[in-house]
Each structure stands twice: as structure tokens, then as C-alpha cells.
Amino acid sequence: MSDLHKILKEEYEKKVSITPNLLMEMIEEIMDSIPQISSLIEEAPPVSGGGQVNFNIPFPKLVPTEAWGDPTSQSRVAITRIFDSITREPDIRARIQHVNSFLDPDQALRKAPGGKLNTVLNMLQIIEALMACLNDFNESSAGFVFESFMAALTGGKQISGRVGGTLPIEDFVAFSETDAEGVPVSLKLLSPRTNIHGSFTNLIDYLFIRGGSGVSEIKYLVAYKDVQGDNVSQLGIWDFTLSRDNLIDAFVQSGAAINLRLLGEQAPALKQHIAIWEDSPEWRLEMARILSLTPGYTEGRGMFDNNLDSSGQFVDVEPSGGIGGGASAFVGMQKKGAKSNLYHAAAVAGQEAQRGEGPDFEGWRQTLEDETLRDAGLWSKKEKTQKKYDDEIKAHFDRGYEYAQSTINESFFGSFHEREKELMREEILLEGSREGGSQWGFSGEMILNLQPVLNTEYYGDINLSAANIGELSKIYIEKIGEDLMKLLETTKNFSENIGRYFSAPDRAEATQANALARDQGNEIVTSLEEREKEED
């Protein structure tokens with residue numbers, strides 16, 4: 001609708017009379033120029049069927065997708081004008097509070113109509129998109145879509161894929177469109193009693209070596225959710241920061257066994273060495289030595305093991321056991337990769353079996369194709385040799401089973417952050433003889449008690465309850481006014497009939513939609529002309 005609004009504005013400025021026929025020609029021109037519309041609709045993630053509370057105001061609905069996290073995608077470009085309503089806010093907290101001001105009935109009553117009405121409508125679309133992120137997607141999709149929403153909200157970009165050989169701990173980088181470096185953010189959507197967790201190895205790599213010199217800090221944005229029925233009714237938003245300066249103090253002062261175990265006896269040595277941090281080969285070599293003695297830094301997993309040469313220089317390569325080697329070496333790495341994937345799958349299957357979500361090992365083993373075993377170098381015609389291979393696979397299945405049983409299950413992770421869970425599951429295969437894993441953790445109470453260390457901030461609650469949305473709907477409908485509500489309803493029907501005109505296989509139906517669209521177009525033009533006269 002933004003393109004149509006632009007065309008109409010240009011025509012008014014040229015004092016050209018807008019007729020229904022001309023309006024139809026404009027719409028056809030727009031539709032012809034956007035052939036990707038149908039594919040965008042098809043690519044929208046499926047909804048879970050739970051539904052969401054809405055404002056009962058006929059403004060265009062925004063359907064959030066993972067593409068919102070990419071500033072260059074057509075979906076992101078299309079919704080940028082809507083999110084421009086809050087781009088004047090200077091930081092993440094201010095932007096969230098701006099959205100929240102439209103969810104407070106007392107503040108909603110003070111929102112001015114007239115010139116600022118477009119801001120109200122834009123914000124209501126953003127709020128409905130937020131509700132869709134939380135309620136209308138299945139669990140496997142919701143996390144990524146919420147990250148994309150926050151990237152769009154903060155004028156940033158979503159981060160995916162490996163960075164320098166490791167999974168990123170940041171989910172999006174806020175303000176990356178206006179700031180070359182932006183603000184890296186790790187996003188957590190959790191139930192109130194679920195602890196905040198992350199990979200110790202990955203955090204150390206991020207702060208001290210990724211890209212050569214590391215990144216000085218990472219902001220954690222935590223959204224605690226309250227659920228009523230099938231829908232999220234409230235979000236309580238907090239943030240805290242882990243940095244080179246506060247990392248060791250935060251872990252030690254938390255007093256949590258999970259954090260103290262990671263540091264072992266190396267806490268003083270780490271604190272002392274970090275205090276003299278410098279971007280030099282000598283500093284990195286000494287850090288690598290200390291980390292080799294630190295229980296929480298997973299051997300062979302981290303970048304201090306895989307991305308440093310013997311002189312302490314950073315080498316930006318994936319940890320693949322060497323560079324070069326020709327075709328045979330490449331085939332060997334393919335086989336190792338297939339074996340790693342199979343071991344990983346076995347560990348995940350073990351976790352699922354422990355939770356009663358999958359079969360036991362024998363049942364799962366029967367689902368494996370011979371081709372999968374051949375690719376991993378774990379298939380043999382000899383029964384004895386195959387038994388040996390199966391025992392290797394079962395060891396990883398059992399490790400996943402025991403891990404889920406004794407340490408970390410789905411409720412421990414929370415229902416979000418799929419990439420962080422993926423990292424944790426991969427580490428199951430790599431822990432070897434080290435006990436306890438390499439996951440750090442803070443409870444909600446800890447981040448509050450550690451406020452002086454973590455610089456913890458509370459953003460307030462976002463009230464998305466049905467009762468609150470119902471009250472707000474009445475306020476905004478009254479504020480919008482009967483005439484504009486009718487215009488919005490007509491525009492909505494006009495848009496639907498345009499879609500029927502172009503897509504209906506029955507041309508009689510298309511002709512009927514065409515006639516309705518022309519009549520509705522005439523109403524829209526008349527209403528716009530009247531509003532133009534009122535504003536003049």
C-alpha cells in the first residue's frame with residue numbers, strides 16, 4: 001500500500017483527477033512490477049493453529065518471516081516504512097518502550113489523532129506482528145522469526161551460520177544499518193523459572209579471539225514470558241552484558257556450581273591475564289595455555305585450539321584438521337563430516353528416547369539407511385566389524401540419553417534459541433572425559449543480584465493479554481473515527497478484490513471482483529479527496 005500511497009500523492013501534487021479506472025491502472029502497474037508477491041506469501045512460515053488476539057481494526061496485517069532479519073530482502077524492504085515509526089529512538093530499550101507506550105491504555109488515550117494517526121496505525125501493525133511471532137508459529141520456527149522481528153525493530157540484521165569456525169552467540173546485530181559495528185545481541189525467550197544458559201567455549205572465543213582480536217562485549221536480551229491458554233500474555237524484558245572486564249567476576253560472584261566448575265582452579269590466572277589483554281600473538285598463546293587447563297573450555301572445540309598457529313597468529317579457517325591435501329584429503333574430510341553428523345544424530349536420538357519422544361537404540365538403528373552408514377565409513381559386510389561400528393554409534397546414543405537424564409533437558413534449555421541448543425548438543429559428542437559440560441548459567445535472581453557487575457537493566461512488562469488488547473482496541477477505534485474505520489475497511493476489501501481479480505481461475509468471479517474493486521476504488525478516491533480538502 002505504500003507504493004499506491006506514493007502514486008496517489010504524486011498525482012494529487014500534479015492536480016490530476018483520480019478516477020476509479022485510473023486507480024485500477026495504477027494497481028495493475030504495481031502488481032505487474034512485483035512478480036514476487038505470490039512467492040512471498042508461499043514462503044511465510046506455517047502457523048500452529050493457536051491463533052492470536054487482534055485489534056479488530058482493518059489495517060493491513062504484517063506477517064513476520066525470517067526474511068525480516070535480512071536488510072537486503074524484499075520482505076524487509078517492504079516493512080521498513082512501518083518500522084520507521086520508531087527509528088528515531090536511540091537504543092534498544094527506548095524502542096521497546098516506544099512500542100510499549102501504545103500498549104498502555106492510559107498512554108493510548110493521549111495519543112493524538114490527525115497528523116500522528118499514521119504512527120498509531122503503523123505501531124498497531126508492529127504489535128500484531130510481535131504477537132504473531134510469539135503465538136502463531138511452531139516452536140522450531142518461532143525463535144528465528146522473533147530474532148528477525150527484533151532485527152527489524154532495531155534496524156539491524158540477523159546473524160546465522162558459522163563465524164570463523166564456530167556458531168555465533170549473537171542472534172542479531174542492532175543498528176547495523178546506521179552503525180558499522182552495531183550492537184551484538186544474544187536473545188533469550190524463556191519461561192520465568194528457566195535459567196539463562198550459553199556455551200562457555202563459544203563465549204570465550206567470541207570475547208578474545210574471534211576475528212583475531214575478539215569482540216569486547218555481548219548484550220543479552222532476556223524476555224521472560226507469561227502464558228495464558230495458548231498465547232503469550234506478557235513479556236518481562238531484561239538485559240545484561242558479559243564482557244572481558246566482568247566475565248570472571250560474574251561467574252565467581254554468581255556462586256553457581258555450574259559456573260565455578262567451568263573455571264576450576266584457573267579463575268585467578270584467567271582474571272590476571274585478561275586484565276592485561278592485548279591484541280598480540282604472545283597474549284593469545286598464553287591464553288591458550290591457561291584455557292588448556294580450564295575445565296570448561298572444550299578441548300579441540302574452541303578457536304584457541306583450531307585457529308592459532310604455533311606463533312600465536314590467528315588463522316581464519318574452519319577447524320578441519322588442516323589445509324590442502326588434494327581430492328583424497330577432501331573425500332576423507334567428507335567422510336569425517338558424515339561420521340560426525342551421524343554421531344550427532346545418535347546423541348539427539350538418545351535425548352529424545354530419554355524424554356519418551358523417540359524409540360530406543362535398536363528401533364532408531366533400524367531407521368538408518370546403509371548409504372548413510374557407508375558415507376560415514378561405518379558399514380561393513382562382516383558381522384563382527386559391523387557390530388563394532390554399531391557399538392560406536394550406540395555410545396553416542398547412550399551419551400545423549402544420559403546427558404538428557406542427568407543434566408540438561410528441554411525445559412532446562414527453554415523453548416527458544418535453537419542455535420544455542422544445537423551447539424550444546426554438538427558439545428555432548430566432544431566432552432570426552434571432562435565432567436559437567438561447558439555450559440554457563442544464570443538464574444533470573446542472579447542477574448538481579450549481579451546488577452553492579454552485569455549492568456542489568458529492566459525494561460518493564462509488555463502486556464499482550466486479551467483483556468488489555470480488547471481495551472486498547474476500543475480506544476484506538478474511537479480515536480481513528482468512524483469515517484477512517486470505514487475507509488480502512490473499504491481499502492481492505494478493495495485489496496482482497498484486487499487479489500481475486502488477478503488470481504481467480506473462474507473469470508466470472510474475476511469480473512465480479514473487478515467490478516467490486518472499481519466501486520471500492522471510487523469510494524477510496526472520494527474519501528481521500530475529502531480528507532485532502534479537510535487538511536488544506
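Let's start at a single residue: Phe175 sits in the loop between strand E2 (172-174) and strand E3 (183-190). Keep in mind that this is a predicted model. Phe175 has a phi near 60°, which is a positive value in a residue other than glycine. Is Phe175 buried or exposed? Its relative accessibility is 11%, so Phe175 counts as buried.

Right next door, Ser176 belongs to the loop between E2 and E3 too. The side chain of Ser176 reaches back to the backbone oxygen of Val173, at 3.3 Å. Leaving aside residues up to four places away in sequence, Ser176 touches Gly155, Gly156, Lys157 and Gly182.

Now look at the two strands on either side of that loop. E2 and E3 pair in the antiparallel sense, over 3 bridges. One spot to find on screen is Ala174, whose bridge partner in E3 is Val183. As a bit of background, strands of a sheet pair through backbone hydrogen bonds, and they can do so either parallel or antiparallel.

This pair is part of a wider arrangement. In what order do the 6 strands of the open sheet run? Following it across, you get E1-E2-E3-E5-E6-E8, with mixed pairing. Strand E1 (157-158) and E8 stand at the edges with a single partner strand each, so one side of each has no neighbour in the sheet.

Step from E3 to the next strand in that order and the direction of pairing is parallel: E3 and strand E5 (residues 217-228) are joined over 6 bridges. Here Leu189 stands opposite Ala223 in E5. Move on again, and E5 pairs with strand E6 (residues 231-243) in the antiparallel sense, over 12 bridges. In this pairing you can pick out Tyr224, which stands opposite Gly236 in E6. E5 and E6 form a hairpin with 2 residues between the strands, and in this hairpin Gly229 takes a positive phi near 65°.

There's another positive phi to visit, over towards E8. Asn455 has a value of about 55° although it is not a glycine. You'll find Asn455 in the loop between helix H22 (451-454) and strand E8 (457-463). How does Asn455 count in terms of accessibility? At 46% relative accessibility, Asn455 counts as partly exposed, whereas Phe175, back where we began, counts as buried.

Let's leave the sheet and turn to a pair of helices. Two packed helices are described by the angle between their axes and the distance between the axes. For helix H7 (residues 117-135) and helix H23 (residues 466-480), the axes come within 11 Å and cross at roughly 155°. Angles over 145 degrees count as roughly antiparallel, and H7 and H23 are therefore roughly antiparallel to each other. Their crossing is left-handed. Which residues meet there? On the H7 side they are Leu117, Val120, Leu121, Leu124 and Met131, and these meet Ile469, Tyr476 and Ile480 in H23.

Finally, zoom out to the whole protein. Its secondary structure comes to 25 helices and 8 strands. Of its 536 residues, 49% count as buried. As for the contacts between residues at least 6 apart in sequence, 69% join residues at least 24 apart.

Note on methods
Residues are numbered from 1 along each chain as its sequence is written. This is a predicted model: local features need pLDDT of at least 70, side-chain atom pairs count only at pLDDT 80 or more; totals for chains, interfaces and linings use all residues. Side-chain values use heavy atoms; hydrogens and water are left out. Helices (H or I, at least four residues) and strands (E, at least two) are DSSP runs, numbered from the N terminus. Buried means under 20% relative accessible area, exposed over 50%, partly exposed in between (1.4 Å probe, protein chains only). Two strands pair if DSSP finds at least two bridges between them. A polar contact is a pair of N or O atoms within 3.5 Å; within protein, one must be able to donate a hydrogen and the other to accept it, and residues adjacent in sequence count only if both atoms are side-chain atoms. Contact means heavy atoms within 4.5 Å. Axes are lines fitted to C-alpha atoms, for helices over the stretch in contact, and angles run from 0 to 180 degrees between N-to-C directions. Angles under 35 degrees count as roughly parallel, over 145 as roughly antiparallel, 65 to 115 as roughly perpendicular and the rest as oblique. A crossing is left-handed if the near helix is turned anticlockwise from the far one by less than a right angle, and right-handed if clockwise.
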